[in-house]
There are 2 protein chains.
Amino acid sequence: MSELIDHTLRGSWTPSGAAAAPLSAHALRWLRERIGLVEESTPAVPASLLDVPESALGEAVRAELADVVGDQHVLTEVAPRLGRAGGMSYTDLMRRRTGSELAVPDGVVLPADPEQVQRVLDVCVRHDVAVVPFGGGTSVVGGVSALCGGKAAVIALDVTRLDQLVSIDPVSRIAVFQAGVRAPEAEAVLASHGFTLGHFPQSYERATLGGFAATRSAGQASAGYGRFESMVEGVRLATPAGDWRLGAAPASAAGPDLRQLAVGSEGALGVITEVALRVRPAATEHQYEAWVLDGWQAGADAVRALAQAHALADVTRLSDVDETEVQLELAGGIKARALHTMLRGRGVVEPCMLVLGWEAASRAELKQRRAATLQVLRGLRSVRLGRKAGEAWRANRFAGPRQRDALLDLGVCVETLETATRWSAVSDLRSAVRSAVVRAIGVDRKAPIVMCHISHAYETGASLYFTVLAARDSDDPIAQWQRAKAAAGEAIAERGTITHHHAVGADHLPWLSGEIGTIGVDVLAAAKRAIDPTGILNPGKLIPGREPA
Amino acid sequence: MSELIDHTLRGSWTPSGAAAAPLSAHALRWLRERIGLVEESTPAVPASLLDVPESALGEAVRAELADVVGDQHVLTEVAPRLGRAGGMSYTDLMRRRTGSELAVPDGVVLPADPEQVQRVLDVCVRHDVAVVPFGGGTSVVGGVSALCGGKAAVIALDVTRLDQLVSIDPVSRIAVFQAGVRAPEAEAVLASHGFTLGHFPQSYERATLGGFAATRSAGQASAGYGRFESMVEGVRLATPAGDWRLGAAPASAAGPDLRQLAVGSEGALGVITEVALRVRPAATEHQYEAWVLDGWQAGADAVRALAQAHALADVTRLSDVDETEVQLELAGGIKARALHTMLRGRGVVEPCMLVLGWEAASRAELKQRRAATLQVLRGLRSVRLGRKAGEAWRANRFAGPRQRDALLDLGVCVETLETATRWSAVSDLRSAVRSAVVRAIGVDRKAPIVMCHISHAYETGASLYFTVLAARDSDDPIAQWQRAKAAAGEAIAERGTITHHHAVGADHLPWLSGEIGTIGVDVLAAAKRAIDPTGILNPGKLIPGREPA
């Protein structure tokens, strides 16, 4: 954990002992040409130079919290507080690198079990202290910013000591975990029972199961294993109103599905302390390969055909022309040129790479499922690149955050945006976001790269995930991104959901009432008042304009 | 519609022109032996003899409602009011047959579109009139009882004039329907576009799409097509707080999934006026066949193996020994005896019938999917009975309600119960319910038949659906069933959900807070206050003890 705090504090994902994934000379040259790279190094301001306010946590509260969790688990020193001062958005990272506008919690409290979480909340209600639940700290939407919400103080409630497998029911294939278990730890313990969760978002290495549930996470293999909420059989929350357990059966008609209210509640309606999760036999076999479609529309049509035929590979990921180009160039330009020549020879003008990955408990199952996918794909105009490119994607699938660190070091503005919509609106939405971002931050400089992929496909629609690379505006890097975000948000809100798997946090608040209606916002606010009447839980997140100022 | 009202009024499902599905002489003999049949005919009391109170709908309200929907669509005569006096539970039907304890609405209002529904609600808020949304009237949990909730009057808001396809997006495979469209009408219009919904609950012939959504319905082919809530892409509700639309994308992380609050809201949080539904290519091929497993546990294990291998047939329905026996005996005893002899010859002592049905858009697809099912099944000890028995089930799959009418005519107490739980609890739950029902109503008479099937299976668990057949207690038939229901409810609540697809209504209220917690009830009540501050919407349903008395 100390390592986590250390590198979080530095404004980077990469562990302090390791180098950020370095860029090749070719990649650097190419980036400079494409986006007019500024290439100014921006290391973090040393913590000792940051102007961190004194902890506002009073001695009486501190003592009561120590009574609950033990003195050594109430931290008010600067380092652990800085370690929970926000998440992993570009804005969060730049704030840490520049030392400006950091919202630092007044203390960090680390309970050991659900009962302690409940008692910590009880103390915080009595003393009017805001509580920000903190797991892996990987929010990219301001979901773990230490906002005070007008309270006397704010603590980060770090759940990572809730790290136990509670029970496993191999017949029903349900595992109950405490919420602070990190994804790799969950996979390790499940593997020892012959199971897997199959949830592999890019935050995998750090994020916790509770965080996945709180934010409606979707992993890279969601086509095969489902979104995280589809894995949630039950959930337990500590709330100011008491302990709350949901999930009596796999499916129910006992009124609205309140599990789906708890899932996605982002710490504003309770602190998730346990999750009961559907598990599957451990995948012992895998095969990843890459294909190329000619042009975005052909690619999107192919993914749609696979989704509608129920023939998606577990990982199904279509990159547009720009993302395909960036992937090839960042990997090394010579191979990229050879590949382009080969593809042009086969009539492919606008190569869009499609990564397909199957995970299975036996070779026979894998072959069967792969055959179903290829049966659909072969009816379309596609070129198979083979396993090398597919396995290369798999090998690097959690490397994005480290690669981002390298880009941040080089003065690149790099951030992601994501949404989902119906198939009939997918291409229009992609164009609209690209135009909006270019207009917002491409003025007076080289156009940013706005690349896009589909990584989560459904029968009725798909997610769109954008990565933006631009030369950083060194005068006001945060404002630069905020312009892009605002413009993209407007384009998205008109055509789809404001977020497919990153959650609302603080950053998506402006668009929530457009999406769920003012009635929806009123319902969430009413639910919050019922559960958290004094509003201590994660103020300023999830529910627009309903928190005390 | 007049026909619907007429036979609803008679306390039976069977249209007035038709006979209730008659029982054979053999079936009658067998029933008499097994449950000690009373065989007293109980036709409905003629409407003219019922003591129906005058409509309490004041002239001013009536006029305002007529302004909105047209004079001919505000009905205060006895017949249409009696036609909406409750649903289709045994209790409801017996109340109509005996004429006692009937809760009759003060009027029936039939708006033509979502805007009229909204305006009707506005009138009802102003005049403090309770509103019971009414579609097919097939609730078996008291969901459409005309409870007044302390209001000045209560109307049935009949949505069946909202019968239009609003739009269809064949690329995204989404169809938007008005809420009053009945299932067969939806299938007919979808078929003309080459699509199907694939939702075939036993209420299919009468029920409306809005009702499916309001109650989290599950159809007989749910293994293939999913529960109704999984088909809901979007939903529109008229509420006292205004028009509310949800569903911006197939999947979203924009906070809790409020669609899953609207779905299952049972008319207490709004009147569903439109639903956007995922559709699939029309099934042009089907194949149904029956298999036999030896004993309940072997059968349940087989269904579990199919579910966990993702190899379920679209319809997968396992009957326990009792239900298998009843099906055979009611179909004709000679075949049953021949079958038993054959099965004993093959070592099957406790035959449990497994109906498997595949629906597909091509023969090739059907063969492929059937092969996947049989691959799992062949690894188990099972006997194939063949297509005749399977197709016989299919031919009769909506006949249950008519068969129930025949049994009601004969003085049988016949009702169903359903739940769902984890696989590891399925067999214990089945035993517990059987014992509870037998203890509650088997005293001093022959034991009732409590038969059971699994018709909805998931990776982690399954539904259990019980049918109870008992000699009717002619002194107090309703109290007889209420004893059984209460005992079964306790057994269920300890081990699973109080309802898998029948909803809460009024009848399941006693168990809801045990299932979702007092916090869950408070959250629902808070949501209701936000949406429906004066509590006009379907009082006395869904939310325990939160309605004005």
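Q: Where in chain A does Ala503(A) lie?
A: Ala503(A) sits in the loop between H19 and H20 of chain A. Helices and strands here are DSSP runs, numbered from the N terminus (H or I over at least four residues for a helix, E over at least two for a strand). Keep in mind that this is a predicted model: local features need pLDDT of at least 70, side-chain atom pairs count only at pLDDT 80 or more, and totals for chains, interfaces and linings use all residues. Residues are numbered from 1 along each chain as its sequence is written, chains are lettered from A and ligands numbered from 1 in the order in which they are written, and side-chain values use heavy atoms, with hydrogens and water left out.

Q: Why does Ala503(A) count as buried or exposed?
A: Buried means under 20% relative accessible area, exposed means over 50%, and partly exposed is in between (1.4 Å probe, protein chains only). Ala503(A) has 1% relative accessibility, so it is buried. His502(A), in that loop between helix H19 (477-493) and helix H20 (509-531), is buried too, at 16%.

Q: What does His502(A) touch?
A: Contact means heavy atoms within 4.5 Å. Leaving out residues up to four places away in sequence, His502(A) touches Val140(A), Val141(A), Thr416(A), Glu418(A), Tyr465(A) and, over in chain B, Ala253(B).

Q: Why is Ala191(A) called buried, exposed or partly exposed?
A: Ala191(A) has 47% relative accessibility, so it counts as partly exposed. You'll find Ala191(A) in helix H7 (residues 183-191) of chain A.

Q: What makes the phi of Arg173(A) worth a look?
A: Most residues other than glycine have a negative phi. Arg173(A) is not a glycine, yet its phi is positive, about 55 degrees. Ala503(A) does this as well, with a positive phi of about 85 degrees.

Q: How do you know what kind of axis relates the two copies?
A: Lay chain A on chain B, by least squares on the C-alpha atoms of residues with pLDDT of at least 70 in both. That takes a turn of 180 degrees and a shift of 0.0 Å along the axis, with an RMSD of 0.0 Å. The copies are therefore related as by a two-fold rotation axis.

Q: How do you know which surface each copy uses to meet the other?
A: Compare the interface residues: 100% of those in chain A are interface residues in chain B too, so the copies meet through the same surface.

Q: What makes E5 and E9 of chain B edge strands?
A: Two strands pair if DSSP finds at least two bridges between them. The open sheet of 5 strands runs E5-E6-E10-E8-E9 (chain B), with antiparallel pairing. Strand E5 (165-169) and strand E9 (242-246) each have a single partner strand, so one side of each lacks a neighbour in the sheet.

Q: How many bridges join strand E8 of chain B to strand E10 of chain B?
A: There are 6, between residues 232-239 and residues 271-278, which clears the cut-off for pairing.

Q: What makes strand E3 of chain B mostly covered?
A: In strand E3 (residues 129-134), 6 of its 6 residues are buried. In a regular strand the side chains alternate between the two faces of the sheet. Here Val129(B), Val131(B) and Pro133(B) point one way and Ala130(B), Val132(B) and Phe134(B) the other, and all are buried.
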